[in-house]
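Here are a few exercises to work through with the model open beside you. Try each task before you read its solution.

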Amino acid sequence: MRKLTKEIKVGNVGIGGNNPVRVQTMNSLPLRLVEENIEQIIKTVEYGNEIIRLALPDFDQISYFKAITKHSPIPVIADIHFHHKLAIEALKAGANAIRINPGNFGSKKNLEEIIKALKDYNAAVRIGVNSGSLDKNILKKHGKRSYVALVESALEYIKIFEDNDFFNLKVSLKSSDVRTTIEAYREFSKRSEYPLHIGVTEAGPIPEGIIKSSVALGNLLMEGIGDTIRISLTAPPEEEVKVCWELLGALGIRRKFPEIISCPLCGRATINFEKRLKEMIPEIKKRKLPIKVAIMGCEVNGPGEAKEAELGIAFSQGVAFLFKKGVIYKRGNEEDIIKEFLKTLKKMEDERSTVL
Ligand code: SF4
């Protein structure tokens, strides 16, 4: 069961409490490419992204940040390092939240200035503690970058925010090591009610990054820990969003698009099968329809092996079959049956949106 955390707001998106686990990602382009950044955000939204983070490296880029934020259809989090005045400028420029690693912001006084601006602009903060940039004093005390040091660091910073009557915050405790990440979030979750943004930092390229993130986030989500997720990949942001959804769907937590069941292939499959699969997947995945859909390599075992699919297609030497819940209800040539399969999915999506 999901742990009930405090509810906070990033723009109009609720996080924690009874809200669903939120999906987020980060743009990968320099801010000066304003149009491209807006397009990148819109593309991630098409795949179901709910919150976007933009890195704001220096004061010269505030005007770009402002222009992108103005046109973003989803709340924007500014990622700030080192300059507390820059955090304040980001809020002035329209950021719905800022992500800071408080260890980078010098004195307590600087943090207090940020807190005042957060209140003035009714914004949220993510306290992002990272094993690579732990506070020097905490590192000295623990002697190494352990999960305990990460948790202690986060709790210390939270205290500063609470002492200044600020509570609209969420926390992340990231490490590039899977075990440290899991242990840090577990420990923090025992000791605090604030919502958690979970992720593995610098997880790597595909497939390494997907595997590391799925193991860490999968374990945590199964234990009910995690209110927002990011799959950090060396890949375009929409790829991160797709993986977020697949992970949430695989765990039965949240699904937005169809889950594809496809067979591993064997000697019974037709030679065209892989080509068909590649053509059909993007068409299937664009449907906002949280159902199981099957694409199988033969009609002998395919429908039976994919009984749980609400709609399926199986192939056999130039002929294809449509089936529902394991029962074949139509056969015809491949092209016609593929068209009908995709048309049926579209119809199911339309009917669902009418009901909703
Ligand atoms: S569905 Fe048919 S082709 Fe695919 S693995 Fe099963 S038996 Fe082989």
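**Exercise 1. Work out where the largest pocket lies relative to the two domains.**

Start with who supplies the lining. Domain 1 (8-250) and domain 2 (259-355) both contribute residues to it, so the largest pocket lies between them. Keep in mind that this is a predicted model.

Next, look at the residues themselves. Glu46, Tyr47, Lys242, Trp245, Glu246, Arg255, Phe257, Ile281, Pro282, Lys285, Lys286 and Lys288 make up the lining. Two elements give two or more residues each: helix H9 (237-250) and helix H10 (273-285).

Now sort the lining by class: you get seven charged, five nonpolar and no polar residues. The space inside comes to about 350 Å³.

Last, step back to the domains. The assignment splits the chain into domain 1 (8-250) and domain 2 (259-355), and their centres, taken over C-alpha atoms, are 38 Å apart.

**Exercise 2. Describe the second largest pocket: which residues are closest to its centre, and how does its lining divide by class?**

Begin with volume: this pocket holds about 230 Å³. Its lining has 16 residues, and Arg53, Thr201, Glu202, Arg230 and Ser232 are the closest to the centre. By class, the lining divides into six charged, six polar and four nonpolar residues.

**Exercise 3. Trace the eight-stranded sheet and find its edges.**

Write down the order: E8-E7-E6-E5-E4-E3-E10-E9, an open sheet with parallel pairing. Then check the two ends. Strand E8 (169-174) and strand E9 (197-198) each have a single partner strand, so one side of each has no neighbour in the sheet.

Zoom in on one end. E9 runs parallel to strand E10 (residues 228-229), and two bridges join them. There, isoleucine 198 sits opposite isoleucine 229 of E10.

Then add helices. Helix H4 (residues 108-120) packs on this sheet and touches strand E6 (97-100) and strand E7 (124-130), with its direction at about 160 degrees to that of E6. H9, which you met at the largest pocket, lies across strand E3 (22-26) and E10, at about 160 degrees to E3.

**Exercise 4. Do the same for the five-stranded sheet: what is its strand order, and which helix packs on it?**

The order is E11-E12-E13-E14-E15, again an open sheet, but here the pairing is mixed. Strand E11 (259-262) and strand E15 (327-333) are the edges, each pairing on one side only. From one strand to the next, the twist averages 20 degrees.

Look at one pair now. E11 and strand E12 (residues 292-296) are parallel, with four bridges between them. Isoleucine 260 has valine 293 in E12 as its bridge partner.

The helix here is H10: it packs on the sheet, touching E11, E12 and strand E13 (311-316), and its direction makes about 165 degrees with that of E12. H10 is also one of the helices that line the largest pocket.

**Exercise 5. How many cavities of 30 Å³ or more are there, and which residues line the largest cavity?**

The count comes to one, and the largest cavity has about 40 Å³ of space. Around it you find Lys3, Thr5, Ser189, Leu196, Gly224, Ile225, Gly226 and Asp227. Sorted by class, that lining gives four polar, two nonpolar and two charged residues.

Methods
Residues are numbered from 1 along each chain as its sequence is written. This is a predicted model: local features need pLDDT of at least 70, side-chain atom pairs count only at pLDDT 80 or more; totals for chains, interfaces and linings use all residues. Side-chain values use heavy atoms; hydrogens and water are left out. On a 1 Å grid over the protein atoms alone, a cavity is a set of points where a 1.4 Å probe fits but cannot get out, and a pocket is an open set with protein on both sides within 12 Å along at least five of seven lines; lining residues have an atom within 4 Å of a point. Grid points are joined across faces, edges and corners, and a volume is the space filled by probe spheres set on the points. Ala, Val, Leu, Ile, Met, Phe, Trp, Tyr, Cys and Pro count as nonpolar, Asp, Glu, Lys and Arg as charged, and the others, Gly among them, as polar. Domain bounds come from an automatic or database domain assignment. Two strands pair if DSSP finds at least two bridges between them. Contact means heavy atoms within 4.5 Å. Axes are lines fitted to C-alpha atoms, for helices over the stretch in contact, and angles run from 0 to 180 degrees between N-to-C directions.
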